[in-house]
Amino acid sequence: MAARSHILIVDDDADIRQVLRLLLREDYNVTEASDGAAAIRAVEANSDIDLIILDVMMPGLSGYDTCDAIRAVTNAPVLFLTAKSAESDRLSAYRSGGDDFLSKPFSQGELLAKVGSLLRRYKEYRGKPEAALAIENLEIDFSTHSVKNAGKAVQLTDTEYAILEYLLHNRGTTVTTPVLYEAVWKERFLPGSGNTVMVHVLNLRRKIEENPSSPKIIRTVWGKGYQID
């Protein structure tokens, strides 16, 4: 029988912690922390923690600062919980090392779906980067940054490769255009930056998709961004 995953819940609101504990304890082992400092201590003391559910607005260390500190200890995925839902808040969550974002109030189904998805991905790769991957007719070697399509080498620019790699490492998740831009270009997303992303994705599709006008690998999620399933 597989060992139960261990989830750390971090929230200064005792009622929220209780709700999360009741939702999760049937399937997972649960540890709680009421602030950022306690969360860091919990991660340092428990090497088997597989997922951290982390509130953003807390006294003392914010969720973002806590996530920064946690990333020095573990690669376990971090799911942010917050009452804020603006794009800037999502960008802050991802910049600090978070893996996903859930706005309060949240539904039980959405929470459990995100928890399950993050745990499956982490259990499969244990937080380590993959050496290689095959999807459709595409083969990607992350160690050499080389790509083949149906066995033939594909020449990608550094930016095209960075887009592909980022989407692959976040597959199954919609990556918003601002998040993708800031991750690849290492610059703040500004008006007009979305067009830059769109042009590079179109060029990338021409090189890796069998039919670029009907892509099977890089899917557009209208109004949001891009996703590889």
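What share of the contacts in the protein with a separation of 6 or more comes from residues 24 or more positions apart? In this predicted model, such residues account for 53% of those contacts.

Let's start with the overall build. The chain forms eight helices and 12 strands. Its radius of gyration is 19 Å, close to the 17 Å that the globule rule gives for 229 residues, so the protein is as compact as a globular protein of that length. Along the principal axes, the C-alpha atoms fill a box of roughly 55 × 45 × 30 Å.

Now for the surface and the charges. About 11900 Å² is exposed, with carbon and sulfur atoms supplying 49% of that area, while 45% of the 229 residues count as buried. The side chains include 27 positive and 32 negative ones, and the centres of these two sets lie 3 Å apart.

The interior is worth a closer look. In soluble globular proteins, nonpolar side chains tend to be buried together. Here the largest nonpolar core has 27 residues, among which I140, L164, I208 and I218 touch the most other members. These elements each give two or more residues to this core:

| Element | Residues |
|---|---|
| β6 | 132–135 |
| β7 | 138–141 |
| α6 | 158–169 |
| α7 | 177–185 |
| α8 | 193–208 |

Take L164 as an example: leaving aside its neighbours within four places in sequence, L164 is in contact with L138, I140, V147, L156, L204, I208 and I228. A second, separate core has 22 residues, including A38, I40, I52 and L54.

How values were computed
Residues numbered from 1 in each chain as written. Predicted model: local features only at pLDDT ≥ 70, side-chain atom pairs only at ≥ 80, totals over all residues. Heavy atoms only, no water. Helix = DSSP H or I, 4+ residues; strand = E, 2+ residues; numbered from the N terminus. Rg over C-alpha atoms; globule rule 2.2 N^0.38 Å. Buried < 20%, exposed > 50% of the residue type's maximum accessible area, 1.4 Å probe, protein only. Contact = heavy atoms within 4.5 Å. Areas by Shrake-Rupley, 256 points an atom, 1.4 Å probe, with all protein chains shown as cover. Lys, Arg positive; Asp, Glu negative; His and termini not counted. Charge placed at Lys NZ, Arg CZ, Asp CG, Glu CD. Core = buried A, V, L, I, M, F, W, Y, C linked by side-chain atoms within 4.5 Å.
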